Every structure is written in C-alpha cells, then in structure tokens.
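Ready for a few warm-up exercises on a chain you haven't met before? Take a look at the sequence and the model, then work through the tasks below.

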Amino acid sequence: MSSIEKAMDQMGGSPALDMDSTGSEEAREQQPQKAHGERAPEDVDIQLPFKRLRRRGLLSPTDTDSRLAEEYRLIKRPLLMNAFHEERRTLARSNLVMVTSALQGEGKSFTAFNLAVSMAMERDHTVLLVDGDLEEASLTRWLARRDMTGFSDLLEDPDRDVSEALLRTDMPRLTMVPAGKRHPHATELLASGQMAQVAEELSQRYPDRIVLFDSPPLLVTSQSTVLASSVGQVLLVVESGRTPQNLVHEAMGLLDTENQWVGSILNKGERFASGSYYGGYYGQYG
C-alpha cells in the first residue's frame, strides 16, 4: 500500500446514505437537480469528502488551476478521444477503462479516483467509477461501505439490476459502484458470462458515459487479467524508482495489446516532487 493509500486508509470512508434500490437506473440518474447542475441533497447517496481528500493530495472539483489538475487533463484526453471521437473509436467497449498497476502500492486507486473527478468535470460526459478490486476495495473503504450492494453482487446474481449498486455522488456527473461483498471465487465471477453481460450493459446503456474500473495489480492476482478482457482501454500506473522495468514488461505481457489501447503513467516522478505526484504520460502500446 502506497503512502497515499495508507493516508487515505487512515482517513476512513465517508458514511453513505441508504439508497432505494427499487427505481430504475434512468430514474436514479436523472433526478431533478439544483441550479448550476448540482444534485439536490435528497438525490445524493454519498457525499465525497473533498476537503479531507484534498488535504491528502487528491483532486477536487474546485482544484482547477493546480499542476495536478493539468496533469489529469493530459492523461484523460486520449482516453476520452479513444472512447468518443468517431475517427478513433475503433475498439470494442472503448468507453470501458481499467486502471491497474504491476504491483501493490503504486497508486492505482489514487489515479482512478483523480481520473474520475477530472473526467466528471467534462461538460459532455458522465463517469461511472467501479471498484473492481474485490479484495482490497480501497475506493469503497475511502468513499462508501463494504456491506453495500456492489460489483461482486451484480456478478453473482443475474437477477440484480445494475441500478441496485449505483451510488450517486454529490458531483453531478460522477456515480460510483462499490466493490460489494468479498467472494471466494472472485476470479471466476470476473470470467463469467454474467461479467460479459454487465460489461456490455455498462458500455451501451449511455452513449456519453465512460466507465473506470479500479483493478487489482496485474502481477498479484489473476483477477485483473480477467477483468482486462472486458474493457477496451487499460491504464497502467508505474511508480517511479520502484517498479523494475522487467516487471513492467511482464505486466504489459498479460494484456491484449493488439486489441486494446494500453497506456501508462509514471507515478511520483522526482521531477514533480514539489507537490505533484505524476511524472509523465506514456502513450499507446497496442
């Protein structure tokens, strides 16, 4: 676990409100909103603790002029172009993006959250942030509760509607799916036909939506390799000065670079040590 993730873990999660799981997803995501696009308090399931998150170095909607905000603008742009620009939209499920790393503690959850916030500031797109790390469930621990209906529950029970796992945040264009309960056969769930159906529904239901999966590290568990087969784009987080190059290549070798867009970012680069955690964006491998 990285120093960032340790700090976040010590913060604890934000309490989540009980949610009504009987309504449709369309009804849940299209509730009346306040002026300036804000969701009304009664239409919010979780309030993101941005004040605490920002003190820990994470991105917030008001953080528009910082170096970190600008770095994520650079990181998100090719992902959005691949997902929505007609001339570059050549991959299946290109609006499904997996964020992963080779090893634990390189900052993948930190990256997934910041990327979701940055993308949710876009005017033309909505973001669904899915905690696909069914064991560690870092995003769920930070933002929601582990006992809430989540991703693993959707995969285990075909009768569950996707809307039952959606948590509307107080950031209007950002919705979250927590990890759900722990499951002894998580890899098999991710490799199941139900996973293919859930991925297809998430990809097709809303044409303006990008779905970000926070995934386990590639070299730690087989779950991430299986999850990668369901997405069109993969972003690999590499910690500067820590991850050996041979392990980065080994992790890349587990991905389908011929049929996916694969990019990587260098995390905690020394040249941005004065307050910035990201040292660079490296383009397509496949």
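**Exercise 1.** Work out whether arginine 93 is buried, partly exposed or exposed, and look at its backbone.

Solution. Step one: with a relative accessible area of 28%, arginine 93 is partly exposed. Here buried means under 20% relative accessible area, exposed over 50%, and partly exposed in between, using a 1.4 Å probe and protein chains only. Step two: arginine 93 sits in the loop between α4 and β1 (96–101). Helices (H or I, at least four residues) and strands (E, at least two) are DSSP runs, numbered from the N terminus. Step three: its phi is near 50°, a positive value in a residue other than glycine.

A quick word on the ground rules. This is a predicted model, where local features need pLDDT of at least 70 and side-chain atom pairs count only at pLDDT 80 or more, while totals for chains, interfaces and linings use all residues. Residues are numbered from 1 along each chain as its sequence is written, and side-chain values use heavy atoms, with hydrogens and water left out.

**Exercise 2.** Do the same for alanine 137: buried or exposed?

Solution. Start with the area: alanine 137 has a relative accessible area of 0%, so it is buried. Next, place it: alanine 137 belongs to the loop between β2 (126–131) and α6 (138–143). Finally, check phi, which for alanine 137 is positive, about 50°, although this residue is not a glycine.

**Exercise 3.** Find out which residues phenylalanine 213 touches, leaving aside those up to four places away in sequence.

Solution. First, locate phenylalanine 213 in strand β5 (residues 209–214). Its relative accessibility is 1%, so phenylalanine 213 counts as buried. Then list the contacts (heavy atoms within 4.5 Å): phenylalanine 213 touches Leu96, Val97, Met98, Val99, Val130, Phe151, Leu202, Leu227 and Val231. As an extra, phenylalanine 213 and alanine 228 lie 15 residues apart in sequence, with 9.4 Å from C-alpha to C-alpha.

**Exercise 4.** Describe the surroundings of leucine 254.

Solution. Leucine 254 is in the loop between α11 (245–253) and β7 (261–267). At 37% relative accessibility, leucine 254 counts as partly exposed. Beyond four places in sequence, leucine 254 touches Leu218, Leu219 and Thr225. For leucine 254 and leucine 219, 35 residues apart along the chain, the C-alpha atoms are separated by 8.8 Å.

**Exercise 5.** At what angle do helix α4 and helix α5 pack?

Solution. Helix α4 (residues 67–84) and helix α5 (residues 108–120) meet at about 80°, their axes 9 Å apart. The axes are lines fitted to C-alpha atoms, for helices over the stretch in contact, and angles run from 0 to 180 degrees between N-to-C directions. That makes α4 roughly perpendicular to α5, a label for angles of 65 to 115 degrees (under 35 is roughly parallel, over 145 roughly antiparallel, the rest oblique). On the α4 side the contact includes Leu68, Tyr72 and Arg73, while Phe110, Thr111 and Asn114 are among those from α5.

**Exercise 6.** Decide where to be careful with the model.

Solution. Begin with pLDDT, the predictor's confidence in each residue, from 0 to 100. The chain averages 82, and 79% of the residues score at least 70. Now look for low stretches: pLDDT stays under 50 over residues 1–36, and it is below 50 over residues 271–286 too. Where pLDDT is low, the predicted coordinates should not be read in detail.
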